Amino acid sequence: MSTETAGPVDVAPPPGAPRPHRPASRIGLMIVSKYGTLIAMGIMIVIFGTSVPNGAFLTSNNLLNILNQSALTAIIAFGLTMVLVVGEFDLSIGYAASLAGVLVTGLLVNQGLALPVAILLTLLLGAAIGAVNGLLVTKARVNAVVATLGVGTMLIGLSYGYTAGSPIIAVPTSFTNITLGAFIGVQNPIWFMLIVLGVLWVLLNRTPLGQRIQAVGANKEAARLAGIRTDRVKVAAFVIAGVCAALTGILLASLLGSGTVSAGDGYLLDSFAAVFLGVATLRDGEFHIIGTLVGVLVVNVGFNGLSLLGTPTFWQFVFKGGILVLAVALSTVARRYAKT
Amino acid sequence: MTASVPSAAPLIRITDVSKAFGGVQALAGVSFEIRPGVVHGLVGANGAGKSTLIRCLAGIGLPDSGTIEVDGVRVSISGSDDATRLGLAFIHQEMSLIPGWDVLRNMALGVRPRTRFGVIDWRSTRQRAAEVARRLGMRFGLGSPISDLSTADQWLVLIGRALMRDARMIAMDEPTASLSVEEATRLHGIVRELAAAGTAIIFVSHRLDEVSALCEDVTVFKDGRVTKRVVGAPTSKSELVRAIVGRDLEIPEHGQEAVRTGRTVLEVRDLSDGTRVQDVSLTVHEGEVVGLGGLVGAGRTELVKMIYGAERSAGGEVLLDGHRVSFRSPADAVRAGMGLVPEERRSEGLFLDRTIDFNINVATLGSLRRSRWLPLLRSAAGRRRAQSVADLVAVKAESVNVPVGSLSGGNQQKVAIARWLLETPRLLILDEPSRGVDVGARAEVHRVVRELASRGGAVLAVSSDNEELVALCDRVLVMAEGRVTGELSGAEITADRIVSLSFARGSGVGAAAEGATA
């Protein structure tokens, strides 16, 4: 019966929706909703550029330093972006990164495997973790928060079991060199970040799978009725997130020169912060890869500038939480007002 | 038309109420009265204005003009709070129960008395609910979870909620639509008892046997007007059909088989889903547009979704080009050459935030790959082909890069159809192809569908708009209550015949209502 009335209601234009011109305040709000994070970054760069002593902030070395500090978070956050685009959630990525770190070092040190084999096996582990998450969410229909929290907790256990609690040290220099080196003056982690950025941007925007990931996230039922196998697409997104988490874990172990239990756990919150900051970038209200990159950079620009100013560390956490909540709240509010 | 003078002062008097949506006049000068202690039937075809009127009473929409009086006092009902305060309760087909809660909490929703400390007074609430439960003859405990109850028992809970709120009038929207014969009979008994105790009942139903057996007063709607008012007099089904259609008509028998040249594309044999669709058989040939007519809720959407693999079937088989198929998901159906333009365009058909380009290409991304080994899309080619099919169906938009949500309903529908024209489908299923679409776009949609058929495509079109079925289809099957009640072809297809078949008796709930009075 309700569908019967939907007919005439559908014909009616939404009251006052198409307006010939928009007042200036509305345009301002649209700008905030689309460019909020970029504006925040611009303001910070101006402030730090002028207030950090000796102009130490705006040097090429320091800017590269910021990119280098952002690289590992960016890689894991790019993977997380895929899961959020498809409309799901993944809380296991930080623990997956930790497990990948101890596994790759363990395979090198304890099993004495060749470097490429150890890395490949570890990336496969990441893919397997993603597949388990995806199958739990799609086939067993477990809520994604619960499923990935459960899987993540099991991964913590596996990390402890594998290492018996003590760090794996004495890793080969070929492994630590992965992240120590530089190419045309740019540190290797930045290159890794750029490669993952490029691959996932193309995947999301220029491949059938990426388009399907976007379709499932935009309207799951419409995607299903358009003939998309929504379950497979979701599993694929989780697998991508798992592989990215494993890559971040491997690179972190290389940087640290050891496989340490729970070393990557902190990436969970950092990557979520980055992805949600990215929502307020360029395309309002959507998760996307470039936005995530901007989100990671904003946090690290802030961290870097605050530490150059000699701000106590605790303020840096206050800053990180604060800017996340502020940017997302501003863009959400702005979007709501801009649309109505 | 008035057969006798109303015995009691009316509870509600509706005078000259009109309401328009956009260009559509949903109600045009409607007047009638609701008497206390009387079951009042509201009947009419889809879109005749019944629901709009009920929405005005429920405070979901204000009438454009005209007055509503309760107890002789003119009222303005501008929200559900107002309606509740006036003692008006509304029970809809889509149940408003909270599945995880028990019966008591669902019945007490919104009416809990508070103690002096502002805490819910569960003791008196429970006493009250127990009284109501006794009155309604509930055969389940107040602590039972809602999800354990049958549909019929859930209706009792909703009626119980209305009584908890001291409702003086209860409007029920198609209460028997998904009930078994026994359950419907039981509900009729309860409705009669409520009326006998002085409550006014508005009973909306498509089952005319049921209405003529149960309702003392009946108001018939057609095209937003009242075409018949029966007050306190018996009425027959044929009188009601005449008022619904607007003139006399003969009830046709099954249509004769026309000669067909095209090969059979789709054959459905005895398809059932166990509840809404029962033993439906049909065929669609090459070059043919077959319509599915009937009332909303007749099971047509469920039928086409089963054919498409979007819903599970409980029995029967589907053959495509002579081969038996059993699709486990729409993806299988699409791969086999089917396409579906769903009824709910905005929630099921389109990605509103996305571009026309995205919406058109999304179902056939595989053919845009650069090569078998390289899963990269030829974006420019995709945009070009989206543009060409958008032009084919005459989508009016600046470019294919604008979001579909910014288009008018008609252009949105054209995009939803255009998606399936990229790779000519073997069978295209359209569910309400021109709902919410303006006249011009509707003609375009029809042209596109006819063209597809003339190129050898097979089309199955669900429509509640009988004029559309007449204009569009080579053959029309009419469904009522989950069964095919008749088939019309060629010149036999008229709106009147479709209407009368829509009200033809299906599974026999109406018969139960008649039996109860006999």
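**Exercise 1. Determine what share of the contacts in chain A with a separation of 6 or more comes from residues 24 or more positions apart, and describe the general make-up of the chain.**

Solution.
Step 1. In chain A, 78% of the contacts with a separation of 6 or more are made by residues 24 or more positions apart. The model under study is a predicted one.
Step 2. The secondary structure of chain A consists of 14 helices and two strands.
Step 3. Chain A has 340 residues, and 49% of them count as buried.

**Exercise 2. Locate A:Asn54 and A:Ala140 in chain A, and decide whether each is buried or exposed.**

Solution.
Step 1. A:Asn54 is placed in the loop between helix H2 (24–51) and helix H3 (60–85) of chain A.
Step 2. The phi angle of A:Asn54 is positive, about 60 degrees, although the residue is not a glycine.
Step 3. A residue is exposed if 12 or fewer other C-beta atoms lie within 10 Å of its own. A:Asn54 has 7 C-beta neighbours inside 10 Å and therefore counts as exposed.
Step 4. A:Ala140 belongs to the loop between helix H5 (115–138) and helix H6 (144–163) of chain A. Because A:Ala140 has 8 C-beta neighbours inside 10 Å, A:Ala140 counts as exposed.
Step 5. A:Ala140 and A:Ala274 are 134 residues apart along the chain, and their C-alpha atoms are separated by 29 Å.

**Exercise 3. State in which order the six strands of the open sheet of chain B are arranged, and identify the edge strands.**

Solution.
Step 1. The order of the six strands in this open sheet of chain B is E6-E7-E8-E3-E9-E10, and the pairing is mixed.
Step 2. Strand E6 (88–91) and strand E10 (225–230) of chain B are the edge strands, since each pairs on one side only.
Step 3. On average, neighbouring strands of the sheet are turned by 20 degrees against each other, direction ignored.

**Exercise 4. Trace the bridges that link E7, E8, E3 and E9 of chain B, and describe how E3(B) is covered.**

Solution.
Step 1. Strand E7 (residues 169–173) and strand E8 (residues 200–204) of chain B run parallel and are joined by five bridges. B:Asp173 has B:Val204 as its bridge partner in E8(B).
Step 2. E3(B) and E8(B) also run parallel, with four bridges between them. Here the bridge partner of B:His40 in E8(B) is B:Ile202.
Step 3. Five bridges connect E3(B) to strand E9 (residues 217–222) of chain B, again with the two strands parallel. In E9(B), B:Val218 is the bridge partner of B:Gly41.
Step 4. E3(B) is mostly covered, as six of its six residues are buried. B:Val39, B:Gly41 and B:Val43 point one way from the strand, while B:His40, B:Leu42 and B:Gly44 point the other way.
Step 5. Helix H6 (residues 181–196) of chain B lies across strand E3 (39–44), E7 and E8 of chain B, and runs at about 150 degrees to E8(B).

**Exercise 5. Find the strand of chain B that holds B:Asp270, and decide whether this residue is buried or exposed.**

Solution.
Step 1. B:Asp270 is part of strand E11 (residues 264–272) of chain B.
Step 2. Its phi is near 50 degrees, a positive value in a residue other than glycine.
Step 3. B:Asp270 has 12 C-beta neighbours inside 10 Å, so B:Asp270 counts as exposed.

**Exercise 6. Describe the two domains of chain B and the contact between them.**

Solution.
Step 1. Chain B is divided into domain 1 (12–248) and domain 2 (264–502).
Step 2. The centres of domain 1 and domain 2 of chain B, taken over C-alpha atoms, are separated by 35 Å.
Step 3. Nine residues from domain 1 and eight residues from domain 2 of chain B take part in the contact. On the side of domain 1 that touches domain 2, the residues divide into five nonpolar, three polar and one charged.

**Exercise 7. State how many residues the largest nonpolar core has, and explain why it lies between the domains of chain B.**

Solution.
Step 1. The largest nonpolar core has 255 residues, and those with the most contacts inside it are A:Ile75, B:Met169, B:Ile170 and B:Val459.
Step 2. Helix H11 (residues 230–256) of chain A gives the largest share of this core, 17 residues.
Step 3. Both domain 1 (12–248) and domain 2 (264–502) of chain B give residues to this core, so the core lies between them.
Step 4. Leaving aside neighbours within four places in sequence, A:Ile75 is in contact with A:Phe192, A:Met193, A:Val196, A:Cys244, A:Leu247 and A:Thr248.

Methods: Residues are numbered from 1 along each chain as its sequence is written. Chains are lettered from A and ligands numbered from 1 in the order in which they are written. This is a predicted model: local features need pLDDT of at least 70, side-chain atom pairs count only at pLDDT 80 or more; totals for chains, interfaces and linings use all residues. Two strands pair if DSSP finds at least two bridges between them. Axes are lines fitted to C-alpha atoms, for helices over the stretch in contact, and angles run from 0 to 180 degrees between N-to-C directions. Two residues are in contact if their C-beta atoms, placed from the backbone, lie within 7 Å. A residue is buried if 20 or more other C-beta atoms lie within 10 Å of its own, exposed if 12 or fewer, and partly exposed in between; C-beta atoms are placed from the backbone. A nonpolar core is a set of buried Ala, Val, Leu, Ile, Met, Phe, Trp, Tyr and Cys residues joined through C-beta atoms within 7 Å. Domain bounds come from an automatic or database domain assignment. Ala, Val, Leu, Ile, Met, Phe, Trp, Tyr, Cys and Pro count as nonpolar, Asp, Glu, Lys and Arg as charged, and the others, Gly among them, as polar.
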